[in-house]
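This report looks at charged side-chain pairs and at how far their residues are open to solvent. Please view the sequence and the structure together while reading.

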Amino acid sequence: MGPFAVSDVAFARDTTLSQHEHPRSCLAVVVAGAVRKTYARETHDAVRATVIAMPAGEPHSDLFGSSGARIVVVEGDETIDRTRVFSDWGAAALAHRVSRELALSDEFSELALEGLALELTAHAARCRSRIADRRLWVDAAAEILRERFRDPPSALELAQEVGVHPSHLARGFRARFGENLGAYVRNVRLDWAADRLVRTDVALARIACEAGFADQSHFTRSFAGRFGLPPGRYRAAHR
């Protein structure tokens, strides 16, 4: 699709791929299952919502888990300096949209896929940039919120964990991410919920509860505000 090769690949359980490399830079998002990726000096266990960004020519081997795996892959000419592996529900939501377009395959899919490949590449690049600057306290705060989004620390507790004053945390966080702490956590919860909606048949009320929303109506309003569709219609549209 334009400068990209886009694929949605399913691997059988306990499959092993011996050492190999990709001729172009590779951005992979695990949408189901798990894979252990082994490089020259490190090994990463990548589960659902894990993003793997690899430069061209990076030798690695793969071992897929007992339930296999599905991975959306975008290969292109982007310059990636080294392999990075991180978790991001926003990337997972974009990967589900790629899957849907690949399955739809109508006269507009090629254009849509090229746009999604660009969006996913840019999103992952921003995430990699944040990871590169993780020594900064504001990035450390964001990582804590992503990891503990169901039961996040208070602003005071978070400020204590990263070693800054609460008001300094609030100003610095908004300056870097363009939103306050509460909005950031809400969006992480919504991205996680979007993945659950597409991947499972779990009831909306349960997903809302598991994502940390007080009630389903609040979840529905917030979800529609972020994705443009209420949860039920989003699930139907992305199946």
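## A pair within helix H6

In this predicted model, Asp195 and Arg199 both lie in helix H6 (residues 181–199), where, being 4 residues apart, they are separated by about one helical turn. Their side chains form a salt bridge, in which the closest N and O atoms are 3.8 Å apart, a distance that falls within the 4 Å cut-off for such a pair.

The two partners sit in differing surroundings: Asp195 has a relative accessibility of 0% and counts as buried, whereas Arg199, with a relative accessible area of 35%, is partly exposed. The pair also belongs to a network of salt bridges that links Arg48, Asp195 and Arg199.

## A pair between helix H4 and a loop

Glu161 and Arg148 meet through their side chains in a salt bridge, with an N to O distance of 3.1 Å. This pair links distant parts of the chain, since Glu161 belongs to helix H4 (residues 155–162) while Arg148, 13 residues apart from it, lies in the loop between helix H3 (137–147) and H4.

Glu161 counts as partly exposed, at 44% relative accessibility, and Arg148 is likewise partly exposed, with a relative accessible area of 34%.

## Arg36 and the whole structure

A further salt bridge joins the side chains of Arg36 and Asp45, at 2.6 Å from N to O; Arg36 itself is partly exposed, at 40% relative accessibility.

Across the whole structure, a search finds 14 salt bridges, including those between Asp195 and Arg199, Glu161 and Arg148, and Arg36 and Asp45.

How values were computed
Residues are numbered from 1 along each chain as its sequence is written. This is a predicted model: local features need pLDDT of at least 70, side-chain atom pairs count only at pLDDT 80 or more; totals for chains, interfaces and linings use all residues. Side-chain values use heavy atoms; hydrogens and water are left out. Buried means under 20% relative accessible area, exposed over 50%, partly exposed in between (1.4 Å probe, protein chains only). Helices (H or I, at least four residues) and strands (E, at least two) are DSSP runs, numbered from the N terminus.
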